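The exercises below ask the reader to work through one protein chain from its overall make-up to individual side-chain pairs. Each task is followed by a solution that goes step by step.

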Amino acid sequence: MLAVQIESPAVPRSRFDCAVAKSVFRCAVPATTLDVRIAASGFVPRYFFGVDRPNLGEVALARGGSISGMVRFDGDGPPLSGIALELKPVTAPLMKEGWAAEEKRLASRATTLRPNDRGFFQFARLEPGQYTVTARQEGWSRARRTEIEVKDGEENVLEPIVIEPLAEVDVSIRPPLDPYGKPWLVSLREMVPMSSMSTPVVETEASMSGAWSAAGIESGFHRIEVMDHRRSNFAYSMVDISPHMAPVSIGIASVLVRGTIRLGNEPLRARLQFRNGKGTMIAMRSDAEGRFSGALPQEGRWEVLIFGGGSAQSSQQRTVQVQASGGVADIDLRLAGTRVAGRVVGSDGAPVTSFVRLWSEERTFLGATSTDERGQFELAGIEPGAVYVEAESRASENAKSGFIPVTVSEVSSDELTVVLRPAARFRARLTTPSGIPVAGAIVRYLLPDRPGQTMEEVSGPNGVFTIALSPGAPSVDLTILPPGLPVKIVRVPLADRPASTTELILGRPAGILELEVDHRGPFPWIEHEGVRYSVGSLRYPSNWTSPPRDHRPWGMSLLIEAGDYTICGDRAMTDRCVRKTIAPGAIERVDGTALLR
């Protein structure tokens, strides 16, 4: 049986079920010029436009899935048949160097075509999975549809794809000049879809009046960064650029700071980075007397990353509370007169160039350095007490030391010998309950020996991701943010687990967890089945396209697997806690800001 659909200006859309006998079918249709769609179960539909004769001849049908739709311009544009359409398997970009390689690999699997003169297009004979369709026309913005689900033997008919004109972005900054009386430097960066990564578009100075503009900008999510003349990032704003967008207004406060930094009793020449955990980074330098000065956009708690006090590549972190008095905040940074030094070698005793990191007993990051070609390292200024040293080969993630306990003392410091061992590998495949691979899922993970330090991977087109683990890790804690499916929080035991791929099922029954939080942080903590994460780790990227979007003006709305959850104001999960049972289809709301007071 064939399903035949017809349509024309003179005939409303109609459907006929036509019997097939010996590969021949006949249907009685109006005697006029028609658009015809012929479909059979399990096959890709065929389309014929402007048919003015009853005999279609031989119609070959192929098995597989397909994507079809219409593309048009927002306003008058060039001929529709000149638009370039590209189809790629969906995947979220990796958050590291592997992104470029993954993009190149996916580009090799891309399919391109052009629509007909009416704007109709069809990608046929597709394997099951998720795809992205991008429409391009020179001089116009790209239009993109992502996370398009294709099932075997079925067609996904898209809503019309609209290509918009290039946009102009106008920004007004107050105050009009940076704290040093210089024009602000403004950088516009395009967000990579389904990612927190971005690519540069344009970077220029604002005017002396604080006005900045850029023309010929693609529509879509962008990040506007405002820097002082020293290139310190004072503010940023996420904007959804479109041809009819309103001007963007960015207000910046500032507080002058001055201070000194010493290593033991000696002044330290160093490079300082002040970070507030909200995307702001301010750079300063101390002179030979250890003195530094500059401006920060606000008072409060700041993490200071200090480059110096050891090898040229060493760094360490301190926390300071910035409070202005008389218009200026004074900061006194004193690093202990200690040193942690040693040598990193492989299992054969040969030196290995490595990254070396120091952590507190609570696994808070303290500092980092790199070894020289002889495998030697040194990091000075670490507060006395118990710490952990961790080394990782610079060549790859295949060799790690695990966490080695060390006691730091001002009296003596023995040279360490850190031995690297092959890292364990955890490989998993994400699928739906029916076995369909889940591509492009963001997988955030915690390791038992590094609580609070969230890392990230992305599932590939076949739903597979791989994580490098410290040797002997007993388990791995995962938060999985899949396209269009519920968030999953799970602990996977690793003891006695074979090297084969672990299957993780997504798409279980789910409910809605609404969290009232400030998108800039800080965030409460959430626990499920022994796994603890900052609520911030449950956020999708700001330009994520899956419904339902988790961003709301008041916080987050998450589709999350049903179960018992605890939300608390601190990582220890001991103070100001709320317990919620998320039932399938239910909506539970939590005031996260109240938990942080």
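## Exercise 1: The two disulfides

Classify C577 by its accessibility, and then describe the disulfides of the chain.

Solution. The model is a predicted one. C577 has a relative accessibility of 26%, and because buried residues lie under 20% and exposed ones over 50%, C577 counts as partly exposed. Its bonded partner is C568, with a distance of 1.9 Å from S to S, and C568 is buried, with a relative accessible area of 0%. The torsion about this S-S bond is about 115°, so the disulfide of C568 and C577 is right-handed.

The next step is to look for further disulfides in the chain, and the count comes to two. The other one joins C18 to C27, with an S to S distance of 1.3 Å. Here C18 is buried at 1% relative accessible area, whereas C27 is partly exposed at 29%. When the bonded cysteines are counted along the chain, the disulfides follow the pattern 1-2, 3-4.

## Exercise 2: A three-stranded sheet

Determine the order of the strands in the open sheet with mixed pairing, and work out which strands stand at its edges.

Solution. The sheet has three strands in the order 33-30-37. Strand 33 (376–380) and strand 37 (416–419) have a single partner strand each, so they stand at the edges and one side of each is left without a neighbour in the sheet. Neighbouring strands of this sheet are turned by 30° against each other on average, direction ignored.

The mixed pairing can be followed from strand 30, which covers residues 339–345 and pairs with strand 33 in the antiparallel sense over five bridges. Within that pairing, A341 has E378 as its bridge partner, and R343 has Q376. Strand 30 and strand 37, by contrast, run parallel and are joined by four bridges, with V344 standing opposite V418 of strand 37.

The last step concerns burial: five of the seven residues of strand 30 are buried, so this strand is largely enclosed by the rest of the structure.

## Exercise 3: Salt bridges between strands

Describe the salt bridges that E392, D477 and R589 form, and state for each partner whether it is buried or partly exposed.

Solution. A search of the whole structure finds 26 salt bridges. In the pair of E392 and R357, the closest N and O atoms are 3.6 Å apart. This pair links distant parts of the chain, with E392 in strand 34 and R357 in strand 31 (residues 354–360), 35 residues apart. E392 is buried at 11% relative accessibility, while R357 is partly exposed at 21%.

D477 and R491 meet through their side chains at 2.7 Å, N to O. D477 belongs to strand 43 (residues 475–481) and R491 to strand 44 (residues 488–493), and the two residues are 14 residues apart. D477 counts as buried, with a relative accessibility of 11%, but R491 is partly exposed, with a relative accessible area of 39%.

R589 and E516 form a salt bridge whose closest N and O atoms are 3.3 Å apart. It joins strand 53 (residues 587–591), where R589 lies, to strand 46 (residues 510–516), where E516 lies, across 73 residues. Both partners are partly exposed, R589 at 38% and E516 at 27%.

A network of salt bridges is also present, and it links R142, E190 and E218.

## Exercise 4: The surroundings of N398

Locate N398 and identify the residues that it contacts beyond its neighbours within four places in sequence.

Solution. N398 lies in the loop between strand 34 (385–393) and strand 35 (399–400), and with a relative accessible area of 45% it is partly exposed. Leaving aside neighbours within four places in sequence, N398 is in contact with R421, P422, A423 and R425. R425 is 27 residues from N398 in sequence, and their C-alpha atoms are 8.5 Å apart in space.

## Exercise 5: The chain as a whole

Summarise the secondary structure, extent, burial and surface of the protein chain.

Solution. The secondary structure comes to two helices and 53 strands, and the C-alpha trace spans about 100 × 65 × 50 Å along its principal axes. Of the 597 residues, 48% count as buried. Among contacts with a separation of 6 or more, 61% are between residues 24 or more positions apart. The accessible surface is about 28300 Å², and 49% of it belongs to carbon and sulfur atoms.

Conventions: Residues are numbered from 1 along each chain as its sequence is written. This is a predicted model: local features need pLDDT of at least 70, side-chain atom pairs count only at pLDDT 80 or more; totals for chains, interfaces and linings use all residues. Side-chain values use heavy atoms; hydrogens and water are left out. Buried means under 20% relative accessible area, exposed over 50%, partly exposed in between (1.4 Å probe, protein chains only). Contact means heavy atoms within 4.5 Å. Two strands pair if DSSP finds at least two bridges between them. Axes are lines fitted to C-alpha atoms, for helices over the stretch in contact, and angles run from 0 to 180 degrees between N-to-C directions. A disulfide is a pair of cysteine sulfur atoms within 2.5 Å. Accessible areas come from the Shrake-Rupley method with a 1.4 Å probe; for residues, only the protein chains shown count as cover. A salt bridge is a side-chain nitrogen of Lys or Arg within 4 Å of a carboxyl oxygen of Asp or Glu.
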